[in-house]
Amino acid sequence: MNEQTSMSDSPIIEARNLSVHFSVPGKGFRKHERQTVRAVHDVSLSLKPGKTLALVGESGCGKTTLVRALSLLIKPTAGEVHFDGTDITHYKHRQLRPLRRQIQMVFQDPYSSLNPRMPVGSLISEPLVIHGIGNRNERRDKVAELLVSVGLNADIMNRYPHQFSGGQRQRIAIARALALDPNLIILDEPVSALDVSVQSQVLNLLQDLQEKLGLTYLFIGHNLTVIRYIADEVAVMYLGEVVEHAETQELFSNPRHPYTQALLRAAPVHGVGKRKHTTQLKGDPPSPLAPPPGCSFHPRCPAAQDICATKEPVFEDVPNHAGHRAACHFKDQVPT
Ligand code: SF4
């Protein structure tokens with residue numbers, strides 16, 4: 001985990017009561033009615049500079065939609081996005097352009113995220129060309145510098161992605177993400193498509209770059225072993241909502257939400273690199289088209305009581321645990 005302390009604790013990016021709801025056509029006998037998908041609902045969280053916040057949860061829990069809303073690739077339905085202290089929720093495309101330089105992404109699959117027809121030098125310099133930065137020679141020097149910074153040789157610029165291993169391709173993708181000197185990098189499951197033996201090398205590289213460049217990471221993942229290794233804070237999402245948020249050590253040693261507890265029980269115990277786990281929870285997550293009343297987790301919760309089916313729990317501080325918040329009526333009672 002990165003121990004670096006930042007000069008300022010003001011968030012780089014912040015979601016305030018952020019919601020993203022989609023209107024979709026109904027199905028079957030309701031096909032003429034519009035229905036609402038509650039992809040993200042009333043999420044508040046912030047990223048401190050130089051730190052890593054991990055978003056975890058099952059597939060379809062809203063992690064990717066939240067990230068897209070935070071980077072304003074989709075417009076939120078409600079709530080606000082603040083970047084570096086400024087409310088950017090209603091910025092127009094032109095206003096967002098300079099901000100987009102500061103937010104870059106690294107995707108899960110380096111095989112599909114890099115254009116196979118472009119040589120490495122062009123792939124990495126493309127963002128510089130798009131933003132009109134430097135002349136040809138300056139861009140070439142910058143690409144060489146970036147390749148070295150991710151542990152590759154500068155002389156591979158004329159080679160193509162298919163000539164590299166998965167780990168090397170992910171390093172190329174990281175070099176490309178660094179080209180515009182971003183503040184924030186969104187890492188969307190950046191090691192889950194890699195061989196187990198390579199995963200820790202890429203994680204170590206990400207940590208080294210963070211310390212050296214003061215980067216802030218938003219890490220999307222489901223492998224809790226990886227998250228425990230890399231994250232400073234963890235936000236657990238269920239059905240479009242953040243149900244628990246705490247510093248990593250606190251969350252792993254004192255999980256207060258039954259969903260987090262189930263995720264932790266199912267996680268591999270040793271070593272970075274196990275790819276899959278099952279949650280040991282009964283049933284599948286409910287449809288975001290029709291979230292259950294009360295606590296949305298109650299149909300699957302082993303600790304549910306009558307109140308859970310009717311009253312929505314408030315996402316609030318866990319008593320006597322500063323900075324630890326959870327949405328559960330019994331957050332100070334459920335055994336870990
Ligand atoms: Fe389980 Fe009830 Fe807590 Fe929801 S509020 S997580 S159903 S105990």
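The paragraphs below go through the ligand site, the cavities and pocket, a buried helix and several single residues of this predicted model.

A natural place to begin is the ligand, which sits in the largest cavity of the structure. The residues that surround the ligand are His 257, Pro 258, Cys 295, Phe 297, His 298, Cys 301, Ala 303, Ala 304, Cys 308, Cys 328, His 329 and Phe 330. Sorted by class, this shell is made up of nine nonpolar residues and three polar ones, with no charged residue. The largest cavity itself holds about 90 Å³ of space, and of the 14 residues that line it, Pro 258, Cys 295, Cys 301, Cys 308 and Cys 328 lie nearest its centre. Those five residues are also named in the shell around the ligand. The lining of the largest cavity, taken as a whole, comprises 11 nonpolar and three polar residues, and charged residues are absent from it.

The cavity that holds the ligand is one of four in the structure that reach 30 Å³ or more. The second largest cavity encloses about 70 Å³ of space, and its lining consists of Glu 241, Val 243, His 257, Cys 295, Ser 296, Phe 297, Glu 312, Pro 313 and Ala 327. Among these lining residues are His 257, Cys 295 and Phe 297, which also belong to the surroundings of the ligand. In the lining of the second largest cavity there are five nonpolar, two polar and two charged residues, whereas the lining of the largest cavity has no charged residue.

The largest pocket draws on another set of residues and holds about 590 Å³ of space. It is lined by 20 residues, with Arg 100, Ile 103, Gln 104, Met 105 and Arg 176 lying nearest its centre. At least two lining residues come from each of the elements α2 (93-102), β6 (103-106), α4 (120-130) and α6 (166-178). By class, the lining of this pocket is divided into 11 nonpolar, five polar and four charged residues.

Pro 258, which was met at the ligand, leads on to helix α10. This helix covers residues 258-266 and is largely enclosed by the rest of the structure, because eight of its nine residues are buried. The buried residues in α10 are Pro 258, Tyr 259, Thr 260, Gln 261, Ala 262, Leu 263, Leu 264 and Ala 266. Among the elements that cover them are α8 (224-230), β9 (233-238), β10 (241-247) and α9 (248-253).

Three further residues show burial in other settings. His 324 is found in strand β12, which spans residues 321-327, and it is buried, with a relative accessible area of 0%. Beyond its neighbours within four places in sequence, His 324 is in contact with Glu 244, His 245, Ala 246, Glu 250, Asn 254, Arg 256, Glu 316, Asp 317 and Val 318. Thr 216 belongs to strand β8 (residues 216-221) and is likewise buried, with a relative accessible area of 0%. Between Thr 216 and Pro 258 there are 29 Å in space, C-alpha to C-alpha, and the two are 42 residues apart in sequence. When neighbours within four places in sequence are left aside, the contacts of Thr 216 are Ile 12, Leu 47, Lys 48, Pro 49, Gly 50, Lys 51, Asn 183, Leu 184, Ile 185 and Gln 210. Lys 142, in helix α5 (residues 136-149), has a relative accessible area of 18% and counts as buried, because the cut-off for that class is under 20%. Not counting residues up to four places away in sequence, Lys 142 touches Leu 128, Ala 179 and Asp 181.

Two loop residues remain, and both concern the backbone. Most residues other than glycine have a negative phi. Leu 72, although not a glycine, has a positive phi of about 55°; it is placed in the loop between α1 (63-70) and β4 (78-83). Asn 320, in the loop between β11 (315-318) and β12, also has a positive phi, near 65°. In accessibility the two residues fall into opposite classes, for Leu 72 counts as buried at 8% relative accessibility, whereas Asn 320 counts as exposed at 79%.

Technical notes
Residues are numbered from 1 along each chain as its sequence is written. This is a predicted model: local features need pLDDT of at least 70, side-chain atom pairs count only at pLDDT 80 or more; totals for chains, interfaces and linings use all residues. Side-chain values use heavy atoms; hydrogens and water are left out. A residue is near a molecule or strand if one of its heavy atoms lies within 4 Å of it. On a 1 Å grid over the protein atoms alone, a cavity is a set of points where a 1.4 Å probe fits but cannot get out, and a pocket is an open set with protein on both sides within 12 Å along at least five of seven lines; lining residues have an atom within 4 Å of a point. A molecule sits in a cavity or pocket if more than half of its atoms lie within 2 Å of its grid points. Ala, Val, Leu, Ile, Met, Phe, Trp, Tyr, Cys and Pro count as nonpolar, Asp, Glu, Lys and Arg as charged, and the others, Gly among them, as polar. Grid points are joined across faces, edges and corners, and a volume is the space filled by probe spheres set on the points. Helices (H or I, at least four residues) and strands (E, at least two) are DSSP runs, numbered from the N terminus. Buried means under 20% relative accessible area, exposed over 50%, partly exposed in between (1.4 Å probe, protein chains only). Contact means heavy atoms within 4.5 Å.
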